[in-house]
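Trainee: I'm new to this structure and would like to look closely at just one part of it. Could you pick a sheet and walk me through what packs around it?

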Amino acid sequence: MNIHEYQAKRLLALQGLAIPHGLIAFSAAEVEQNFLEIGAPVCAVKSQILAGGRGKGQVFDGATGKELIMEGGVKLAYSAAEARRIAENLFGNILVTNQTGPAGRVVRRVYVEAGCRVEQARYLAILLDRSKGLPVLVAGIEGGMDIEESAARAPEKIMRFPFDPREGLWPYQARRVAQFLGLKAGTVANGVKYFIAAAHAFCALDCTLLEINPLAVTPENQILALDAKIILDDNGLIRHKEFEALRDLDEEEPAETEARKHGLSYIALNGDIGCLVNGAGLAMATMDLIKLHGHQPANFLDVGGGASQENVAVAFKIILHDPKVKAILVNIFGGIMRCDLLAGGVISAARQTGLKVPLVVRLEGSNMEAGKQLLAQSGLPIHSAASLEEAAEKVSALASVAAGCT
């Protein structure tokens, strides 16, 4: 689950990591009031969308989506009136960044944060290294908006420090991070504490990513997170029921929200073949074979091993809601989930939605023959496949025909 910068900073603060004083606002008037309440001579007025690159983004008119209103979704304000003027250019308008795509995101929240003097700007992130099976702390000498370019241009300025999540980051490791980042002598002790706390926060919050960019060192030897990005592991949310309140439904795909309500794992993609599969591994294999046959999957959709007939019907409707879908592949290995129940769900959903795209179904496992018989007797234009290879080949050919390809 992705969360906003201001939410990430609140979580960091609760874990003992220092952040600048900031307040969230939902209107330009609130932004003005927040500036006065913070009481700093200069404040950053920061649009809050679930995408990076906000500082270098472009703000377009929310009504037309074409008229350029302002360059940059993060601005410095030196008075309450100026903060309000900036906010008026943000609220309700569309911020386009290198991560949003051309459609951009509507700005509905603005964070007002006290400015500070920065003596050193560094990069700090903690993420999962799946090859090592460990979290890894990534430290960069050059922090800021151009971190990707910096890492590609000068990889020697980036260092990785794997650590055991059961033990956390050891002090000697944290000192190595401080040394690599070139922290000045008076800041090293604070840096060691900060890096250890960040590693602990990553594990305690069940993150898949914790990024602080830039990590600022002030003339007073204070270390602050000037920007923060946290992605929470959905599988860990059962241990953090309170995190559900952090979800911003305005920034989520409606189909993904609907799928989550029914216990389905759904991620929208950019292809033209819809996939309904039970099991993440089988779903990945299915997507790979679709790509091998020259097409792209329109989604990742795992209905799970114990999905009901009703859940299958919901999954089918979610796939059909995507206008890019030219054909659908249902690939089920029946174990806990019986193939005849799945077939009933597919038939029910196809009839309710008035199926107009080709459908290929491959069933294997528990009650497979009964499921195939139900599909054959349904009277619907369903194409059966005996193997995954055959299913991928058939659905790709049907999608090409539906798209007018040769």
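Mentor: Let's go through one sheet, the helices on it, and a few residues around them.

Keep in mind that this is a predicted model. The sheet I'd pick is an open one made of 4 strands, in the order 1-8-2-5, with antiparallel pairing. Which strands stand at the edges? They are strand 1 (22-25) and strand 5 (74-77), and each of them has a single partner strand, so one side of each is left without a neighbour in the sheet. Ignoring direction, neighbouring strands here are turned by 20° against each other on average.

Now zoom in on one pairing. Strand 1 and strand 8 run antiparallel and are joined by 4 bridges. If you want a spot to find on screen, look for glycine 22, which stands opposite glutamate 113 in strand 8.

Next, the helices. Helix 1 packs on this sheet and touches strand 1, strand 2 and strand 8, with its direction at about 50° to that of strand 8. Helix 2 lies across strand 1, strand 2, strand 5 and strand 8, and runs at about 165° to strand 1.

Let's stay with helix 1 for a moment, since two of its residues are worth a visit. Lysine 9 is found in helix 1, which covers residues 5-14. Is lysine 9 buried or exposed? Its relative accessible area is 0%, so lysine 9 is buried, the cut-off for that being under 20%. Setting aside neighbours within four places in sequence, lysine 9 is in contact with Ile19, Lys46, Tyr111, Glu113, Ala225, Leu226, Asp227 and Ala228. You've already met Glu113 in that list: glutamate 113 is the residue of strand 8 opposite glycine 22.

Tyr111 from that list of contacts leads us to the other residue of helix 1. Tyrosine 6 and tyrosine 111 form an aromatic pair. The count of such pairs comes to 1. The two ring centres are 6.2 Å apart, and with 35° between the planes the pair is tilted. Tyrosine 6 lies in helix 1 and tyrosine 111 in strand 8 (residues 110-114), so the pair ties together parts that are 105 residues apart in sequence. Tyrosine 6 has 4% relative accessibility and therefore counts as buried. Tyrosine 111 is buried too, with a relative accessible area of 3%.

One last stop is on the helix 2 side. Where does alanine 40 lie? You'll find alanine 40 in the loop between helix 2 (28-38) and strand 2 (43-47). Its relative accessibility is 14%, so alanine 40 counts as buried. Not counting residues up to four places away in sequence, alanine 40 touches Phe35 and Ala114. There's also a spacing you can check for yourself: alanine 40 and histidine 21 are 19 residues apart in sequence and 9.4 Å apart in space, going from C-alpha to C-alpha.

So, to retrace the tour: begin with the strands in the order 1-8-2-5, then find helix 1 packing on the sheet and helix 2 lying across its strands. After that, go to the tilted pair of tyrosine 6 and tyrosine 111, and finish at alanine 40 in its loop.

Technical notes. Residues are numbered from 1 along each chain as its sequence is written. This is a predicted model: local features need pLDDT of at least 70, side-chain atom pairs count only at pLDDT 80 or more; totals for chains, interfaces and linings use all residues. Side-chain values use heavy atoms; hydrogens and water are left out. Helices (H or I, at least four residues) and strands (E, at least two) are DSSP runs, numbered from the N terminus. Buried means under 20% relative accessible area, exposed over 50%, partly exposed in between (1.4 Å probe, protein chains only). Contact means heavy atoms within 4.5 Å. Rings of Phe, Tyr and Trp (its six-membered ring) pair if their centres lie within 6.5 Å; planes under 30 degrees apart count as stacked, over 60 as edge-to-face and the rest as tilted. Two strands pair if DSSP finds at least two bridges between them. Axes are lines fitted to C-alpha atoms, for helices over the stretch in contact, and angles run from 0 to 180 degrees between N-to-C directions.
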